[in-house]
Amino acid sequence: MIVYEYPFNERIRTLLRLEDLYEKFKFFLNQEHPLQHHVALSTIFDMLEVAGRADLKSDLLQEIERQKQTLMGYRSNPAVQAEMLDAILEELDSVSTALVASQGKTGQNVRDNEWLMSIRGRTIIPGGACEFDLPSYYAWQQHPFEQRYHDIATWFAPLAPLCDALALVLRLLRNSGAPKKMIANAGSYQQMLQGKVYQMLRLTLDESLGAIPEISANKYMLWVRFTSQGGDCKPKPLEDDVPFELTLCNF
């Protein structure tokens, strides 16, 4: 099964982009080749670009606090598992405390490092990080894996609380909706949302169908048009009926 996600607003779009970069960073950080660590470092630079919004940290803190207050209201509900609720509340407290403790603008430690900024400036240029352009960076790439790993992990550390917070917020958002089975007749599906505000859409379908969803949505209507990959992998309209699961998520 393949899951496609569609954000309804810029805030969730930013969180999903950061999550994607964070997953990419973790993968390449744990690889041993210097070129793979180059990708990990470049991904940190990309995360700084996406996380440049000054209000992102405060948005996450406000959302975490809102979730805490909402969940605490379930304490008196006998149908709620107390241990699970306490575990989630404890996780919210831990993530919030770490995010508050992270001082200054996100990634300011990287911005204050002139050497890293010189690398960032060159990586914007295609092939700009060659050894003749950045001999000191090339020398660093020859260090043992353990040293390179430690250096990159240290540079990333101030970003970690932000990534932990967004991961928790997105997890709670994804768990907020209930999947419903739908059919796209002749490859097309429409649903009126009647002005109800959602944060994110999740669409799950069988990989063997070869269907690719093109999603368009606002607070009034949701439209999904399925395509398939034709010659040169160009999308072409899919005229078959497509079964899928639809989850509308909102806090």
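## Strand 1 and its partner in helix 9

Let's start with one residue in this predicted model. E5 is partly exposed, with a relative accessible area of 27%. E5 makes a salt bridge with R174, and the closest N and O atoms of the pair are 2.6 Å apart. Because E5 sits in strand 1 (residues 2-7) and R174 in helix 9, this pair ties together parts that are 169 residues apart in sequence. R174 counts as buried, at 18% relative accessibility; the cut-off for that label is under 20%.

## The protein as a whole

Stepping back, the protein has 251 residues, and buried ones make up 39% of them. There are 9 helices and 8 strands. The C-alpha trace spans about 60 × 60 × 30 Å along its principal axes.

To get a feel for distances in this model, take E239 and H37. They are 202 residues apart along the chain, and their C-alpha atoms are separated by 44 Å. E239 belongs to the loop between strand 7 (235-237) and strand 8. With a relative accessible area of 52%, E239 is exposed; that label needs a value over 50%.

## Helix 9, a largely enclosed helix

Helix 9, which holds R174, covers residues 160-174. From its first C-alpha to its last, this 15-residue helix reaches 21 Å, close to the 21 Å expected at 1.5 Å a residue.

How much of helix 9 is buried? The count is 11 of its 15 residues, so the helix is largely enclosed by the rest of the structure. Among the buried residues are P161, C163 and A165. The buried set also includes the leucines L162, L166, L168, L170, L172 and L173, together with V169 and R174.

## More salt bridges

In general, side chains of opposite charge can pair when their charged atoms come close. The structure holds 14 salt bridges, and two more of them involve helix 3.

One of these joins E63 to R66, with the closest N and O atoms 2.9 Å apart. The two residues are 3 apart in helix 3 (residues 56-72), so about one helical turn separates them. Are the partners buried or exposed? E63 counts as buried at 6% relative accessibility, whereas R66 counts as partly exposed at 39%.

The other joins D93 to K68, and here the closest N and O atoms are 2.7 Å apart. This pair links distant parts of the chain, with D93 in helix 4 (residues 82-101) and K68 in helix 3, 25 residues apart. D93 counts as partly exposed at 36% relative accessibility, while K68 is buried, with a relative accessible area of 13%. Elsewhere, salt bridges that share partners join E5, E19, R174 and R202 into one network.

## The second largest pocket

If you like to look at pockets, the second largest one has a volume of about 190 Å³. Its lining includes S176, G177, A178, K180 and M182. Q191, K196 and Y198 are also among the lining residues, as are L246, T247, L248 and N250.

Which strands supply at least two residues each to this lining? They are strand 2 (180-184) and strand 8 (242-249). Strand 8 gives the largest share of the lining, 3 residues.

## A loop residue with positive phi

A186 is found in the loop between strand 2 and strand 3 (188-192). Most residues other than glycine have a negative phi. A186 has a positive phi of about 55° although it is not a glycine. This alanine, A186, is partly exposed, with a relative accessible area of 34%.

## A nonpolar surface patch

Which residues form a nonpolar patch on the surface? They are M192, Y220 and M221, which together have about 320 Å² of accessible area. M221 lies in strand 6 (residues 221-229). M221 is partly exposed, with a relative accessible area of 31%; a residue needs over 30% to be part of a patch, so M221 qualifies on this count.

Note on methods
Residues are numbered from 1 along each chain as its sequence is written. This is a predicted model: local features need pLDDT of at least 70, side-chain atom pairs count only at pLDDT 80 or more; totals for chains, interfaces and linings use all residues. Side-chain values use heavy atoms; hydrogens and water are left out. Patches are made of residues with over 30% relative accessible area and no salt bridge: like charges are joined within 9 Å, nonpolar side chains (Val, Leu, Ile, Met, Phe, Trp, Tyr) within 5 Å. Accessible areas come from the Shrake-Rupley method with a 1.4 Å probe; for residues, only the protein chains shown count as cover. A salt bridge is a side-chain nitrogen of Lys or Arg within 4 Å of a carboxyl oxygen of Asp or Glu. Helices (H or I, at least four residues) and strands (E, at least two) are DSSP runs, numbered from the N terminus. Buried means under 20% relative accessible area, exposed over 50%, partly exposed in between (1.4 Å probe, protein chains only). The expected span of a helix is 1.5 Å times one less than its number of residues. On a 1 Å grid over the protein atoms alone, a cavity is a set of points where a 1.4 Å probe fits but cannot get out, and a pocket is an open set with protein on both sides within 12 Å along at least five of seven lines; lining residues have an atom within 4 Å of a point. Grid points are joined across faces, edges and corners, and a volume is the space filled by probe spheres set on the points.
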